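Me: I'm new to this one and keep tripping over the labels. Can we go through what makes each of them apply?

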Amino acid sequence: MATVDIRGVKKAYGTTAVIHGVDVNIRDGEFVVLVGPSGCGKSTLLRMIAGLENITGGEILIGNRVVNDLPPKERDIAMVFQNYALYPHMTVGANMGFSLKLRGAPKTEIDGRVQRAAEILGLSHLLERYPRQLSGGQRQRVAMGRAIVRDPQVFLFDEPLSNLDAKLRVQMRTEIKELHQRLKTTTVYVTHDQIEAMTMADKIVVMHDGVVEQIGAPLDLYDHPMNQFVAGFIGSPAMNFIKGTVRVNGTASFVTDGGATLPVEGVPGNVDGRRAVYGLRPEHVRIDPNGVPVEVVVVEPTGSEILVVARLGGQDITLLFRERIMFRPGETIHITPHAGLAHLFDEASGARLVQ
């Protein structure tokens, strides 16, 4: 196992810069998820750690050793790809042990490591099968097994669950997290799915347009997003954003562009009259006869929850209730946000106003 230090790393293709001075410290044994929308640079950063992309500027250290100029095979890492990358003419066992065979490892060592990895992943009964005879989840386990047998300092996962159906994704992310808890190997995992990031990570790195927007534990990012981008990306259903003006006259409040007044807490007095965006997570509201009126537009019962799309002053917002309440499209209901859980962001910069 090892630490991974990313220091001021940049990447450009010709004159086009795609990574703009990224700094990330990954502790020994930590499970870190790089998350962000397509094109944010997360996979490029992972490939630079692996040595599959050259670094334009900065340094990457694995176990206190600068690896900028080392080829992938000398970095002591193992990578699991989105497309499994299995050899179709080889059995499961042969696929898992192939990298050790290339190193010239003794057959007894290869067989021992393959058997150990197969037992960890529940593949012992499939070692003589070929990839074409396996399900998608089983193929992904084989790809993980191939990484495990190398006993690397660092595991790298590049969107490994993207090709699986929804139910299998849930199962596999649990298995990957359990695997990490057993092996305790430093892991860097790339995904665009923020649910995967929230449920699997010890630490999340949120990226956007080649820069790191925020780094922190999953619930820290959820509860205290540093800017509007992170607030909108982390959480499902996504946070509602309502434009308006902050008012501080004894007590603080937020007046929407539609004229509704919403409660806030902890607002400094020097922001009176400032244009802002009110961030409200769908679950942070309650039904209140004395609250703000909103018109029900769409009702989506999911069983354990009820999602409601409602209209507040001409803007659609999403509300989430865990009580079994019967709403009808077109009716008016009254809601009150939980003031202590609301967020305020500067309208121009998107930066958080209330820390």
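Reply: Sure. One definition to begin with: two strands pair if DSSP finds at least two bridges between them. Keep in mind that this is a predicted model.

Me: What makes S15 and S18 a pair, then?

Reply: Seven bridges join strand S15 (residues 285-301) to S18, and pairing needs at least two, so they qualify. The two run antiparallel. As an example of a bridge, Glu295 has Thr332 in S18 as its partner.

Me: Where do S17 and S18 stand in their sheet, and why is one side of each left without a neighbour?

Reply: The order of this open sheet is S17-S16-S15-S18, with antiparallel pairing. Strands S17 (315-321) and S18 (332-337) are at the edges with a single partner strand each, so one side of each has no neighbour in the sheet. On average, neighbouring strands here are turned by 55° against each other, direction ignored.

Me: How do you know that S1 and S4 pair?

Reply: Strand S1 (residues 4-13) and strand S4 (residues 57-62) share five bridges and run antiparallel. The cut-off is at least two bridges, so that's a pair. Ile6 stands opposite Ile60 in S4. Their open sheet has the order S2-S1-S4-S5, and helix H1 (residues 42-50) lies across S1, S2 and S4.

Me: Why is the contact between Arg7 and Asp5 called a salt bridge?

Reply: The N to O distance between their side chains is 3.9 Å. The limit is within 4 Å, so the name applies. Asp5 counts as buried at 9% relative accessibility, because buried means under 20%. Arg7, at 41%, counts as partly exposed.

Me: And what makes Lys107 exposed?

Reply: Its relative accessible area is 61%, and exposed means over 50%, so Lys107 fits. Lys107 also forms a salt bridge with Asp111, at 2.7 Å. Those two are four residues apart in helix H3 (residues 107-121), which means about one helical turn separates them.

Me: Glu159 is buried, so why does it have no salt bridge?

Reply: Check the distance: the nearest side chain of opposite charge, Lys42, is 4.2 Å away. A salt bridge has to be within 4 Å, so this one doesn't count.

Me: What does the side chain of Glu159 join in a polar contact?

Reply: The side chain of His192, at 2.7 Å. Polar contacts have to be within 3.5 Å, so that distance fits. Glu159 itself lies in the loop between strand S7 (154-158) and helix H5 (166-183).

Methods. Residues numbered from 1 in each chain as written. Predicted model: local features only at pLDDT ≥ 70, side-chain atom pairs only at ≥ 80, totals over all residues. Heavy atoms only, no water. Buried < 20%, exposed > 50% of the residue type's maximum accessible area, 1.4 Å probe, protein only. Lys, Arg positive; Asp, Glu negative; His and termini not counted. Polar contact = N/O pair within 3.5 Å; in protein donor to acceptor, adjacent residues only side chain to side chain. Axes fitted to C-alpha atoms, helices over the stretch in contact; angles between N-to-C directions. Contact = heavy atoms within 4.5 Å.
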